[in-house]
Amino acid sequence: MAGMLNNHHLARAIADMGFGEFRRQLKYKAALRNKTVIVVNRWYPSSKTCASCGYKVSKMPLAVREWTCPACGTQHDRDVNAAINLRHVAESWVGGFQPVPA
Ligand SMILES: [Zn+2]
């Protein structure tokens with residue numbers, strides 16, 4: 001959510017309609033395109049988990065935009081790393097699929 005609000009286009013859309021309505025419209029538009037919306041638990045640590053090795057740092061203040069994994073040395077852009085982790089979660093659900101409840 002914090003990452004989404006950092007995207008100015010998404011933040012504007014969410015601020016204008018509220019998050020519940022944004023989610024409803026996202027599901028509606030995804031269904032039109034035969035896509036599935038997957039909702040990840042809000043506490044999933046997408047920003048502070050290394051997308052390369054899985055190491056999780058204990059704290060990641062929002063002001064930290066780039067970081068280096070202490071375990072494997074990979075340099076991360078905070079939002080790109082989070083996006084990769086979320087993609088991994090979504091891909092892991094293919095097969096044991098968990099779509100958004102209707
Ligand atoms: Zn790592």
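This briefing walks through one helix and one nonpolar core. The structure is a predicted model, so keep that in mind as you explore. Two places make a good tour: helix α4, at residues 78–92, and the core that includes Cys50 and Cys69.

**Helix α4**

- Helix α4 has 15 residues, and at 1.5 Å a residue they should span 21 Å.
- The C-alpha atoms at its two ends are 21 Å apart, which agrees with that expectation.
- Five residues to look for in α4 are Arg78, Asn81, Ala82, Asn85 and Val89, and they are buried.
- Looking down the axis of α4, you will find its buried residues within an arc of 100°, so they line one face of the helix.
- The cover over these buried residues includes the strands β1 (66–68) and β2 (75–77).
- Where α4 starts, a side-chain oxygen of Asp77 comes to within 3.0 Å of the backbone nitrogen of Asp79.

**The nonpolar core**

- Cys50, Val57, Met60, Trp67 and Cys69 make up the largest nonpolar core, which has five residues.
- In soluble globular proteins, nonpolar side chains tend to be buried together.

**Two cysteines to find**

- Cys50 has a relative accessible area of 2%; buried means under 20%, so Cys50 is buried.
- Cys69 also counts as buried, with a relative accessibility of 2%.
- If you set aside neighbours within four places in sequence, Cys69 is in contact with Cys50, Cys53, Tyr55, Thr74 and His76.
- How many disulfides does the structure hold? It holds zero.

Methods
Residues numbered from 1 in each chain as written. Predicted model: local features only at pLDDT ≥ 70, side-chain atom pairs only at ≥ 80, totals over all residues. Heavy atoms only, no water. Helix = DSSP H or I, 4+ residues; strand = E, 2+ residues; numbered from the N terminus. Expected span 1.5 Å × (residues − 1). Buried < 20%, exposed > 50% of the residue type's maximum accessible area, 1.4 Å probe, protein only. Arc of directions from axis to C-beta. Contact = heavy atoms within 4.5 Å. Polar contact = N/O pair within 3.5 Å; in protein donor to acceptor, adjacent residues only side chain to side chain. Disulfide = S-S within 2.5 Å. Core = buried A, V, L, I, M, F, W, Y, C linked by side-chain atoms within 4.5 Å.
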